[in-house]
Every structure is written in C-alpha cells, then in structure tokens.
Amino acid sequence: MATDRIVGIDLGTTNSLVAYMQGDNPVVIPGDDGLNLVPSVVVLDEHDQIIVGNSARRYLIETPERSVYSIKRLMGRGLEDIQEELKLFPFRLADDLQSGEVLRIKLGEKTFTPPEISAFILRQLKRNAERFFNAPVTKAVITVPAYFNDAQRQATKDAGRIAGLEVLRLVNEPTAASLAYGLDKKQNGIVAVYDLGGGTFDVSILKLHDGIFEVISTNGDTHLGGDDIDNVLIHIALDDIRGDMGTDVSRNGEAVARIRKAVIETKIALSSQVTAHLDVELPEGRRYQREITRAQFEHLIQPIIERTVAPCKQALKDAGLKPEQIDEVVLVGGSTRIPRVRVLVEEMFKRTPHTGLNPDEVVALGAAVQANILAGGSEATENMLLLDVTPLSLGIEVAGGVTDKIILRNSTIPASATQHYTTQIDGQANVAIHVLQGERELAKDCRSLARFDLKGIPPMTAGMPRIEVKFLIDANGILHVSAREQRSGKEAEIEVQPSYGLTDEQVEGMILDSFDYAEEDFRQRQLIEARNEATTILAALEKGKQSPAWGRLTSAEKKQIAKLENSLVEVTREDDYAAIRKGIDTLNQATMRLAELMMDGAVSAALTGKTMDEADLGEGPSAPHPVAKAEFK
Amino acid sequence: MNELANIGVGILAHGESASTCWSCGQMRAAHFCTSCGRVQPPAPADHFAFFGLSRKLNMDVARLERDFYELSRKLHPDLYGTAGSREQEWSLEQTSKLNDAYRTLKDPIARTRYLLHLEGVELEEQSKTATEKARSTGEMKKQIVPPDLLEDVFELNMQLEELRAQKKMGEDDPALMEEIGKQKLSLEGKQETLLNELRGYWNEWDAAAEGDERNKVRDKMVDLLNRRNYIRNLVRDVNDVLEN
C-alpha cells in the first residue's frame, strides 16, 4: 500500500482537488498554502514558468493574456464546437489554428492544447500529494462529468499521461459523489445525484444495493454551470458600464477579469444574504458599483438553472421512475449552494435534497474511495462495487447518413456490440467505418468519434468477406474497436483517425515538453537525461570490453577506465545531476583511445566485407561517444 | 454464497465442458473459479448460457438480478485493478458479456427478440434493411399495417398531418391535441395488451417440443413483435409532434 498509493483527483472546471483514503475515511490533501481547493487557473509567467492554483489567480487580472481558466470546457472539442464558448470566455486561440485540428490556447507567446493545460493542474495536484506523502505518486483515479463523450474522456486521460500519472480509471463525477455518500450512509435505496459545478451539469440516478452502486440512468449538459451564471452578471455589468459611463471595457482583459472576480464574490454572498454590493475598480481609477438583491439575482439565473430540468426529467424517464420513487437527492457542486437551485431541485424531486456533503469536496473524496477499491480495497470499502453506464448511445453511420445505434445510452459498462461488414466491389481491400456518439437520428447531428479504416481485407468477390467488428466501451467509458475477417480468420488492421484528439506520438512529445515549464520538473528532466546517457555510455563500454580493441589498451588505461566506470555507477545512484555529468565527461575522455581503436577495427572489418553490426559497433552511429565519434556513412 | 455455486453448477450442467482453473488448478465454473475466485478466460456462450439458463422465455427476473450482482462481484474490472494484463483483459471481456447478457435478458421484449435471433429469425435486420433501402431510394418505407389497426392509423396520420401543419403556422388546436392524446393513450394500452399476449406465448414456447409445435409459436411471436414495433413507432411519431 505504501509503495503504490493511488490518489483520487477531481479535475474541475473551477477548482481541482486531490484526495486519498486515510484508514476508513477519504480525506482531501491540502496544497502548500494549506487550502484544499486548487483553483483550475494556469498562468505562464514572464520567466516561462507555469503557475497553478491560488497563486495564479492574481495573474488573471494582472496578465490576463498569459492566464487561462475553465479549460475543461475545451477538453476534447474542436473549433466548430466552441463558437459559443469563445463569445463568453477569454480563450485566446493560437493564430494559426486550423479547423479539424486539436485546439491550442495562447499563454503569452506560447501555445498549449487543453490536455496540456489540464496536465499542469494535475501536475500541481500530484506535487501536493507527493509532498504530503513524501513519496512519488504515479497512479490516479480522475473524475469526469458523467455526460462527457468519448473525446472528452480521452482528452482527460491524455492530460493524466502528460502529467506523469497512470490513469487507472476515469470515474463519473456524480457516481464518485455517490460512493462518498454511500460510504457514509450505508443504506439501500434509489438515489439521485444532482451535480451542478462550475462548467458542467450531471444528473445520475443510482440504485444502492448492499454495496453495489448501480447507475440506472444519467443525463446532463457538459456546458452548463456556475460559469454561465457569472457570465450573465458580467454582461449586465458591462452593459451598465457602457450605459452609465459611456465606455466599453468588454475588450479590456484586465477590466473584464476584475468584473468577473467581483461578480463571483457577489454571487457567493447572495447565497447567504438577501442583498449584496457589487464593487469593481476599473482602469483609470473609475469605479463601478451597484446593489443586487437576491430576488433580482434569482430572476437573472432562472433561465440558466432551468436548463437542468430537462436532463433530470429524461434521466427519470430513462430509469422508468417517478420522482416519488427517489429515496434521496444528493447535491454536489458549488453551484448547488445557491438557494434557488435547491428550491428547483426540491420542486422537481418533491423532497428536500440532502445537503450534508461538502459540495466542493465530495467528488474528490469519492474518487479516493474508487482508488482504494482499485488498489484492492480495505475494510471500509469491502463489498463496494460501482456499476456505471455510458451516457450516450454509440452508433455507426449507415447508408443515407443515418445513425444505426449499436450500444444504447445508459447501458452498463463495459458494454460491447458486434457488427458485420462486407465489401461492395470485387477485390475491395478497405472498408471505412464512421463511429458516432449521440442520440440523434442523422449522423451529421451526432458527435463524430472516429473514422476507422479496415485494411488488408483478402481479395474476394464483392459481398463475400465477412468482417466482424467488435465495439467495446470499457469501464472508463472509452471506446475500443477490433476487427476480424471471418472467412480468412485474419485480424483486420484498423487505422483510427480520431475526430478530435491527440495521437499517441503527440502525447509522448507533450510529456517531454511539459518538463520545461517548471524549474523542479526541469531539474528532474536533466537528471533523467543524464542518467540515461550514463546508462548508454556504460553499456557501450561493456561492449567495448568484449571487442579486440580492449586487449590493445595498456593495463594502466584499463585500470583508469575501471575506476571511472565504478565512480560513474556510484554517482548515477545519487540525485546530483552535475556529478553524473562530470562522471560521464571524464569517462568519455578516458575511453577516447578505446573508441579510436574500435573504429580502426571496424574499418578493417568493413574492408574485409563484414557489416557494421558484425564489427560489433554496439549501438551504432547514433549512440553517444565512445562509438558516436565514429561516423559511418 | 451458495448462489455462486449454483451459477457455476448451472453453467456446467448446460453443456459447458468442465475444466480446471488456470490459477489454482481446481475445477472451475465457466467465468470464475469456485475455489480461488479468479476470473477465467471467456468461452463462447449465448446470453442464456452465460447465466447458466436454458433457452426459456419465462424468467425469474429478481433471481437474474441477484446473479448479475454476484457475477459482477466476481468479474468486474475494478476487482482486477492490480492484476496482470491478461486477467484484466479477461475481466473486461467477461464483464461486457455479463452486462450485455443481463441487459438483454431482463427486458421482456429484448429477451424474446434475442431468443428468436438464436432461432434464426432476424427481426431487426429485416426492418433495418427496409429502412435503409427506403432512405437511399427516397421512397416511403412500406410497412405492413396490422389490419385491425388500419382504420385507426389512417385517422391518426391525418390528424398528425393537420397538427404539424398547424404548428408550422403557429396555431394551436387544443381539441385536436386532446384527440391525438387520447389516441396515444389507446395505442399505449394496446402495447400493454400485446405484452400480456406475448407472455402467454412464452408459456407455449417453454412447454412446446422442438419442431412444428415450436415453429408455430415462433411465428406467432414474430407477428406480435412486428405489430408491437409498428405501434411503438407510431407512438414515437405522436410524441414527436406533441412535444415539438
């Protein structure tokens, strides 16, 4: 357990948290500022260092062009999906961004994809946990909105990888919350989780039965949350300022950031007070002030919070339940602190919602519970098992641009479906499959997940091949596809073109790049690289010792090399980057003559018709010195 | 825990050859080892066989749910979080089979369709091909209207047309809406009646011997499901018009 700590992470639109299971109870791990919530704000400062969380918040006002918040809204989305978002949020897209490409956001002069920015937040949480445990943390359970589609889930998983975390499971946020709730209450019944966060809304209906948490239905809106309420207030302030003061500050990043900060404070105040004072200092010493009553506020937000009604009704309908059959409604997410939201929930479900959980923390706590279950469980989580569902139907495009649904929404995951395909013309070697996610009838109205090309179908008459394609949604809600030509029994090769998302190579590259943005990580990277180089040179030396050239060295030379070799092995075990570098350099020097002798040997071997490999050149021309110096063309 | 043993025995009794656990070498059930509990490599099995059930349409759904939970507790990927990749893969595959089987069997209509599918009747495919063909040729899909519904359907379609036209003009005709609502209720009642009728066929099917006797029941069920499907689509159309 001590060696393999798995943490639970709530990667939120507004705030993120990391938690773990301490004995029988999940607890949140605070940051070095002592606070549990890490604001999901990322800044690239003037020295190209990344700052995340509370200390990054002031930069939203000071250097808005180097800061970003609510990045979760852009995860797994394409340029055409986010036009509404761009009107409301100060996202600065890369200037050269093409349609169909993974989004890139400008921070100062640099650009980052949403998974990379999310990875900065995850990396901060990872560091917080590592400091807390005083040990490395490499495995995590990360929560996602239940209504996230495949692309959004994949993007979250990529973010984990970029941050150096093995993501053992993506858990749906309302389900995670139900785990924390159930751990506490330990009773059977039907529970509805109403989760209105900073940027996403989910509702899930679960059946709790002797430790089994079975999701019956889920619904939601991945672009609905506290952010939207803030934006309404911001727009009113901007209109006021334009009207009263005759200035349009909507293009002034700093002014908007100040207004945003002030309206959020006002919003929060209105949850406990019936009236609140909005007070914003604008550039050029001007000031915008006004009173807002709770009644006015509730009137303004009504259209927003009413958008949660349809998903709740649909979830009930899909579950085949009436509101009266729900035993408890659990509130999750900071926006459920708003009294009007609570009234709305009460009206819908005809009962007073359960507000006993900390709406900001419960998702992370539930993620920690799931992490504990995955790690093998403990007394507290014994018998607990989560059975979740896929929120959206999975379909295939068939003739006429119609979606043929093969896995219906609210199917328990893992879920699978098998489809059979054949060819249209003689000798056809490829078949294209277009995979979609969504509830609409026409393919163009559904979300395109990926296009798969089945390749290498054995040449046969049209209609003869029988290709069985298996679609599997795993426990993370992510799709896997495999195919087999049944007449030949041959596994068909599948080429995937994700409609939105990063390739494996891109993710690998980002893992390396991400090290450059934090001093600590940069040192870590230098250390890793130096160690790798030391390993390479030691391996090359080992090979050199087997070569005839070794015998031509004097015993003093051999002794010196052995001594330096030993000391390099020693320092590689330490964390001193400079010492390792020095060890490499001195060993390099000492083996120079060996390298030359080996090169001579290789040349004569080449002349006698031997290949380079046979000349025992070890790693080949690309390996570092001692063999790298020998350049063969 | 006796349930587990029963599932194991049931599955073994249903023609699966007994073999030994890869992990502990003991005799095993089909999906997990009754001795050490580890997941076993998936073996081909239809949805009924997966639960150790014979192909009968009457089903104790409460018992099915209990077995589903118990099997989930043995097979789910969450239990193999720290296991080797081979076991993780088996667990994923076994659990997806379990979920697919449970989803199909617990629903009376899906269960009947699935059994008919096992008997070589492809209800879905027929209607799907017809739909695709209709879409690609732009022709109206020809559906055989159940004769006893002919009159009502004609009337209802006229009313739906009228309502659609009115909605387009922004008009509102409460009397018409009410009339259509009534028709919808009556159709939903028919769906319910058909379901009850279907349950009657289940008994016939479960009792019938293979051959002609079964084929007769099979044809009756196919006919009933087609009728029900037709009504379901009609109700969906009505809902579309009423809600938009």
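Begin by selecting A:Val7 in this predicted model: setting aside its neighbours within four places in sequence, A:Val7 is in contact with A:Val18, A:Ala19 and A:Tyr20, with A:Ala129, A:Val137 and A:Ala140, and with A:Ala368 and A:Ala371.

Next, widen the selection to the surrounding core. A:Val7 belongs to the largest nonpolar core, which has 151 residues, and together with A:Ile9, A:Ala19 and A:Val42 it is among the members that touch the most others. Now highlight helix H11 of chain A, residues 362–374, since this helix supplies the largest share of that core, with 10 residues. A second core, separate from this one, can be shown in another colour; it holds 17 residues, including B:Cys33, B:Phe48, B:Leu71 and B:Leu105.

From there, turn to the place where the chains meet, and select the 22 residues of chain A and the 17 residues of chain B that make up the contact. On the chain B side, helix H3 (61–75), helix H4 (85–106) and helix H6 (123–137) each contribute at least two residues, and H4(B) gives the most, with 6 residues. Colouring this side of chain B by residue class will show 8 polar, 6 charged and 3 nonpolar residues.

Finally, colour chain A by confidence: its mean pLDDT is 86, and 91% of its residues reach 70 or more. Select residues 609–633 of chain A last, where the pLDDT is below 50, although the stretch has 46 contacts in the model beyond near neighbours in sequence.

Methods
Residues numbered from 1 in each chain as written. Chains lettered and ligands numbered in written order. Predicted model: local features only at pLDDT ≥ 70, side-chain atom pairs only at ≥ 80, totals over all residues. Core = buried A, V, L, I, M, F, W, Y, C linked by C-beta atoms within 7 Å. Buried ≥ 20, exposed ≤ 12 C-beta atoms within 10 Å, placed from the backbone. Helix = DSSP H or I, 4+ residues; strand = E, 2+ residues; numbered from the N terminus. Contact = placed C-beta atoms within 7 Å. Nonpolar A, V, L, I, M, F, W, Y, C, P; charged D, E, K, R; others polar. pLDDT = per-residue confidence, 0-100.
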